[in-house]
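Visitor: Could you take me through one part of this model slowly? I'd like a close look at the place where the ligand sits.

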Amino acid sequence: MSSKNNPITYWVAVAIVTICALYLIVPLLTQFDFSLRMKRDVLSLDAYVSVFTTKPNAVDPPKFYTSLLFSAGMAVLTIAFSLLVIVPTTFWVNYRLPKFKPVMDLFSVMPFAIPGIVLAFGYLRTYTSPPLALTNTDAGTAFLLVGGYTVGVMPYVYRSVDTGLRAIDIRTLTEAARSLGAGWATVIWKVIMPNLRAAVISASLITFAVAVGEYTLANFLFPDERAFGSYIAAIGRNRIFEPAALTIISYLLVWACVLAVQRIGRGSTQTQTAVIR
Amino acid sequence: MDFLILNDLRKLYGSAVAVEQFDLRMSRGEFVSFLGPSGSGKTTTMRMVAGFENPDRGTIVLDGMDITNLQPNKRKVGMVFQSYALFPHLTVRDNIGFGLMLSKMPKAEIGKRVDEMLGLIQMTELGQRFPSQLSGGQQQRVALARAIAPRPQVLLLDEPLSALDAKIRVGLRAEIRAIQQALGITTIYVTHDQEEAMSLSDRVVVMSHGRVEQVGTPYAIYNTPATTFVAGFVGTLNVLQGTLTQTGGDTLRIGSTNVRLATKMEGRKADSLIKFQLRPEAITPHPVTDLPGNPALNYLNARVEGVTFLGAVVRMRVNVNDSPLSVDTFNNPRMPPPQKGDTVQLAFDPGACMSVAAV
Ligand SMILES: Nc1ncnc2c1ncn2[C@@H]1O[C@H](COP(=O)(O)OP(=O)(O)OP(=O)(O)O)[C@@H](O)[C@H]1O
Ligand SMILES: [Mg+2]
């Protein structure tokens, strides 16, 4: 009300919003413009075509797809693994060990304090030699990567799961379920999880974005540049126009993700149907 | 044969005693209320029966089996919470069917049982709703249906009605009792509302500071309270005092009037101060113009300080020899109640004098 009546405040507000918007949009627009200028003097989508079609050799599909698929797969595994670990842990701390809450809170932000490069070296040192030689196989290395990502995204996942748990009355819901014959697994997956949907979706989204774009750990563990992050870095080193195109594509991918997640989130509330007829 | 036995239960939180020396034997199908003020250990005791708290001492035996250390999900105990605790993501039907689903009952049979339960709580039309689309009373009925659907051996209700309006409370109370009797479920009901406990229960356990003060039928609890605490907590109690006229006698002097008690004060000296208690409805007011008619009754003069007309009952505040008393009588269309400032004479039976705490 007052800001509308006071023209100065109003215009200051508009100016701030505009500056912020420009700060975000201008680089994106210049990138976009640049990405269209691969062919001299005309606008073309050649950079995009190049991204989508450039093959590493005669037999393999374009690196864009294989690396994206690889990293998306790692991201999905990370989401599954981190939910599997963090949801029951956070639940248990809230339900049974509230005394450990401060410890947990502190512990959960530790990944912020440890740079990725330190983590990567630590992993390599620990897990490359017996008895824990995980890096001997691709599956072992992938497991290490997923483990690393899980640690990396723990602050986000823990925070949102914890907030979600505090929004529901976990104590009585748990006890109601227990008295009806539910074991702990049933309590967590059939009672707690469904009521954490918003928290789980936002945690998954952040995890996905972080894991798909991550470079340091992926590059250390998979020096053959199999991950999307390594691919982007390599393109950035070797090409001129393709990195710009790739930036735009990444933006679109993220937006598509956000929209999809929102659709899923909204759709499932409306179409939630009874199991028992 | 006792169906549920709570034997010498004790629970400590740190060094604080929450429940101590709790003994109770319930028969199959019995409805027992735990009644007591806040913090008296009602919930703690019930949670030990449910398996959510481990007793530090004592045993719980259900249908001949020691369940003291059994996990809650293995106990076949149904629970209803003050906050309803329905699963927000499930419909009414799925909530009611939750326990049945966990017991691996075939789908068709679950459907049938859920229908039956919906009929029992008179909510057949609302099966597809989510808890957020129900009133508090409806949610609590669903919670009750969910708890009894798997046919538990014991049903536990912890202040199930205290989040509801007074009017709904009374209706739902009757409904709970009717369902409990129809299904013959052994039930423990926690409340701090004495009217609720008295009207619902076969027996009442009155608790205070983690201990059982008295176990008995509502009639026994009300009319022969075992301790001062019970007498004061259940119903309203007037306290009168007088001096004993002779050593070991049964007559007290209050002001200038003699009052006879039902029992002799053995071992009490003449002139010692004696307290006794009277229920408000044990006292009948008469106009002072009536002559003391019945030699079997005690009569005391009192000044009327206030009259509340409640319909069927007229409640008076009167003063006897500087002690305030509460007096309840039935409304009499042929005799209007006395006015404030009137003097009345109060008649009461010596047998109505409760001497739960001789001072
Ligand atoms: N988890 C706990 N930790 C520590 N003390 C507790 C705990 N639960 C209960 N107590 C204490 O034990 C005593 C009994 O509590 P309880 O909840 O059984 O009382 P209640 O009779 O159910 O009271 P109310 O009518 O308020 O529900 C109280 O003094 C309470 O403070
Ligand atoms: Mg309680």
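Guide: Here is a walk around the ligand site, with a short stop at the cysteines afterwards. Keep in mind that this is a predicted model. Start with who is there: ligand 1 is surrounded by residues of chain B, including a run from B:Pro37, B:Ser38, B:Gly39, B:Ser40 and B:Gly41 on to B:Lys42, B:Thr43 and B:Thr44. B:Tyr13, B:Ala18, B:Glu159 and B:His192 also belong to that shell. Sorted by class, the shell has seven polar residues, three nonpolar ones and two charged ones. If you're wondering which element gives the most to it, look at helix α1 of chain B, residues 42-50, which supplies three residues.

Now zoom in on the oxygen atoms of the ligand. One oxygen of ligand 1 is 2.5 Å from a side-chain N or O atom of B:Thr43. With B:Gly39 the partner is a polar backbone atom, 2.8 Å from a ligand oxygen. B:Ser40 also uses its backbone, with an N or O atom 3.2 Å from an oxygen of ligand 1. As for cover, ligand 1 has 640 Å² of accessible area on its own, and the protein covers 57% of that.

Then the cysteines. The count of disulfides over all chains is zero, taking sulfur pairs within 2.5 Å. Two cysteines show how the surroundings can vary: A:Cys20 counts as partly exposed because its relative accessibility is 45%, between the 20% and 50% cut-offs. B:Cys353 is at 11%, under the 20% cut-off, so it counts as buried.

How values were computed:
Residues are numbered from 1 along each chain as its sequence is written. Chains are lettered from A and ligands numbered from 1 in the order in which they are written. This is a predicted model: local features need pLDDT of at least 70, side-chain atom pairs count only at pLDDT 80 or more; totals for chains, interfaces and linings use all residues. Side-chain values use heavy atoms; hydrogens and water are left out. A residue is near a molecule or strand if one of its heavy atoms lies within 4 Å of it. A polar contact is a pair of N or O atoms within 3.5 Å; within protein, one must be able to donate a hydrogen and the other to accept it, and residues adjacent in sequence count only if both atoms are side-chain atoms. Accessible areas come from the Shrake-Rupley method with a 1.4 Å probe; for residues, only the protein chains shown count as cover. Helices (H or I, at least four residues) and strands (E, at least two) are DSSP runs, numbered from the N terminus. Ala, Val, Leu, Ile, Met, Phe, Trp, Tyr, Cys and Pro count as nonpolar, Asp, Glu, Lys and Arg as charged, and the others, Gly among them, as polar. Buried means under 20% relative accessible area, exposed over 50%, partly exposed in between (1.4 Å probe, protein chains only).
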